[in-house]
Amino acid sequence: MATERDPNDPLSMVLDVFEEEQQAALIERFGEKGFRIWHDAPNRERLAEPTAVGRVKGSCGDTIVIALGIEGETIVATDFDTDGCASSQIAASTAAALAKGLSLDEAVDIDEAAIVAAIGRFPEDDRHCAYLAAAAVREAVHHWMIQGGMLAEALRKEASGGQGDTF
């Protein structure tokens with residue numbers, strides 16, 4: 001994880017040691033897989049025009065945002081953002097990855113346990129972050145259904161005199 005620095009510069013040596021200690025602490029807390037999720041998250045492809053967005057703020061103060069790209073009834077692209085800790089970032093990234101490729105009905109079944117299982121190791125005292133990430137996925141699906149999905153289509157059909165099938 002250490003970046004290229006002048007090995008003779010005392011500040012560079014201190015920064016290298018700090019990065020190694022940070023990496024070791026994160027691996028101990030989240031396992032190698034959780035560390036990789038955290039480490040790679042800033043390099044993800046961003047979703048420029050999401051179809052639906054779910055935003056959930058926890059009592060801890062962390063906000064997790066899940067963005068979905070939806071075609072038909074399938075989630076074809078995902079993205080996430082959080083202002084929270086490493087646990088929030090890992091949980092949000094994992095929730096977004098789990099949702100990609102699922103139907104909307106399947107995505108609402110993503111829960112805290114599925115996120116924790118996908119990561120492998122997750123601190124018990126931070127499981128609320130996995131709960132928030134799952135809730136953000138459900139919130140995004142909910143927004144799609146109300147704003148631009150099935151409900152909006154049904155309301156349009158109702159307003160046009162009930163032409164077509166509704167659910």
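This passage describes the nonpolar core and the strand pairing of a predicted model. Local features were considered at pLDDT of at least 70 and side-chain atom pairs only at pLDDT 80 or more, while totals for chains, interfaces and linings use all residues. Residues are numbered from 1 along each chain as its sequence is written, and side-chain values use heavy atoms, with hydrogens and water left out.

The largest nonpolar core (buried Ala, Val, Leu, Ile, Met, Phe, Trp, Tyr and Cys residues joined through side-chain atoms within 4.5 Å) has 39 residues. Buried denotes under 20% relative accessible area, with a 1.4 Å probe and protein chains only. Ile66, Leu68, Ile115 and Phe122 have the most contacts inside this core. Among the elements that each supply at least two of its residues are helix 1 (10-40), strand 2 (63-71) and helix 5 (127-148); helices (H or I, at least four residues) and strands (E, at least two) are DSSP runs numbered from the N terminus. Helix 5 provides the largest share, 11 residues. Beyond its neighbours within four places in sequence, Ile66 is in contact with residues including Val53, Phe80, Ala92 and Val137, where contact means heavy atoms within 4.5 Å.

Eight of the nine residues of strand 2 are buried. Strands are taken to pair if DSSP finds at least two bridges between them. Strand 2 runs antiparallel to strand 1, to which six bridges join it, and Val56 stands opposite Ile64. The hairpin of these strands has five residues between them, and Gly61 takes a positive phi near 100°. Strand 2 is also antiparallel to strand 3, through eight bridges, with Val65 opposite Asp81. Two residues separate strand 2 and strand 3 in their hairpin, where Gly72 in the turn has a positive phi of about 65°.

Technical notes
Buried < 20%, exposed > 50% of the residue type's maximum accessible area, 1.4 Å probe, protein only.
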